[in-house]
Amino acid sequence: MRETPRSQGTAGDAVPVLPQPRPGCALAHTTGASGSGSPHRSDGRPPQTPRGARYTDRHGGPGTTPPVPGPPTVHSPSAPRATLLAVFAPLALLALCTWQIAAHGPLRTYDERLGRAIAGSALPSPVAGFLADLGNTAVAVPVLAVALGWAAWCARRAAEPRWWLPPLAAAVAMAAVPALVVPFKALIDRPGPPGPLAGETGFFPSGHAATAAVAYGAAALLLHPLLRPRLRRPLLVAVAMLNLAVAAGLVRRGYHWPLDTVASWCLSGLLLWAVLRASRSSHNGQQSGPGPRKRQSPQAAPSDPG
């Protein structure tokens, strides 16, 4: 410790002066016990601060007692925004298409022009007919039924608490397709394109496109958690390409206009969103249902009577 220099004088004039700390210089140690007034460790204080007396910051640290929790986690608002986008985007697009078709707007003119161009494309008619037939209930519904049975069996075998919820939601979504499409057809009463069904009305939206989208889409959502991670994305891509192929076959064969299939995808998107929500709710209920077991404190071993 550095001390202030003493004044120069004779030995008889010297007065004992206690060392004083210089201004601006920190002491090596804090003051000892209360009332001692000494900067030295002459008050019986241990040479090092005990571990139990240490204070931690708000984030805590390894070896601290007790651990201090960090700041509370703030949930990201992206989930509610994604939910709103998944619901209102298809509704807005469906409302736009319905308004343009019913009011004979410019979008309907471009739609019919595009439909005639696709109908005269180089896609072979037999191939287009095969793709359009994939939207029949006799083809799409059995595929969904197989996926329903497989998903229900796997969930029941895994003892999930609400194993029946995703298959039931998919079945209700499939049954809701005609309940939504038929009133739209009667309300808009749109004439069909030139082709085998020329002269008839009630083509908006497409029942075949809605059936294919809900059946194959719900089957993919049910099988998605049961597949390996590397197979999940290819399954979703394959289902999307399949629905595009069905729409192309319907327009190429002259069964529908392009916007008829787009409106069906909007309705199907809302139904598939409900199936996805039911599936996630079932998995979340499985994770939060049985909860972790509490760790029991070890009991003392009985003493040896001998």
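In this predicted model, E112 pairs up with R190 in a salt bridge whose closest N and O atoms sit 3.9 Å apart. E112 belongs to helix 2 and R190 to the loop between helix 5 and helix 6, so this contact ties together parts of the chain that are 78 residues apart in sequence. Both partners are tucked away: E112 is buried, and R190 is too. For E112 the relative accessible area comes to 18%, and buried here means under 20%. This contact is also part of something bigger, as salt bridges with shared partners join R108, D111, E112, R190 and D260 into one network.

R190 also reaches D111, again side chain to side chain, with an N to O distance of 2.7 Å. Here too distant parts of the chain are linked, since R190 is in the loop between helix 5 and helix 6 while D111 is in helix 2, 79 residues away. R190 and D111 are both buried. E112, for its part, meets the side chain of R108 in a salt bridge of 3.1 Å, N to O. This one stays inside a single element: R108 and E112 are four residues apart in helix 2 (residues 106-119), which puts about one helical turn between them. R108 has a relative accessible area of 10%, so it counts as buried. In total, the structure holds four salt bridges.

As for the overall layout, the protein has eight helices and zero strands, so from the N terminus on the elements simply read α-α-α-α-α-α-α-α. Of its 306 residues, 29% count as buried.

Turning to the open spaces, the largest pocket has a volume of about 400 Å³. It is lined by 14 residues, and the ones closest to its centre are L221, G269, L272, W273 and L276. Helix 1, helix 6 (207-223), helix 7 (229-252) and helix 8 each put at least two residues into this lining. Sorted by class, the pocket lining comes out as eleven nonpolar and three polar residues, with no charged ones.

There is also one cavity of 30 Å³ or more. The largest cavity has a volume of about 30 Å³, and its walls are made by V177, L180, V181, A210, V214, S264, L267, S268 and L271. Helix 5 (165-188), helix 6 and helix 8 each bring at least two residues to the lining of this cavity, and helix 8 gives the most, with four. Charged residues are absent from the cavity lining too, which has seven nonpolar and two polar residues.

Helix 8 (residues 258-288) is also where A274 is found. With a relative accessible area of 40%, A274 is partly exposed. A274 and A169 are 105 residues apart in sequence, yet their C-alpha atoms are 7.4 Å apart in space.

On the surface, L84, F88 and L91 form a nonpolar patch, together showing about 300 Å² of accessible area. L91, one of the three, lies in helix 1 (residues 78-102) and is partly exposed, at a relative accessible area of 38%.

Conventions:
Residues are numbered from 1 along each chain as its sequence is written. This is a predicted model: local features need pLDDT of at least 70, side-chain atom pairs count only at pLDDT 80 or more; totals for chains, interfaces and linings use all residues. Side-chain values use heavy atoms; hydrogens and water are left out. Buried means under 20% relative accessible area, exposed over 50%, partly exposed in between (1.4 Å probe, protein chains only). Patches are made of residues with over 30% relative accessible area and no salt bridge: like charges are joined within 9 Å, nonpolar side chains (Val, Leu, Ile, Met, Phe, Trp, Tyr) within 5 Å. Accessible areas come from the Shrake-Rupley method with a 1.4 Å probe; for residues, only the protein chains shown count as cover. On a 1 Å grid over the protein atoms alone, a cavity is a set of points where a 1.4 Å probe fits but cannot get out, and a pocket is an open set with protein on both sides within 12 Å along at least five of seven lines; lining residues have an atom within 4 Å of a point. Grid points are joined across faces, edges and corners, and a volume is the space filled by probe spheres set on the points. Ala, Val, Leu, Ile, Met, Phe, Trp, Tyr, Cys and Pro count as nonpolar, Asp, Glu, Lys and Arg as charged, and the others, Gly among them, as polar.
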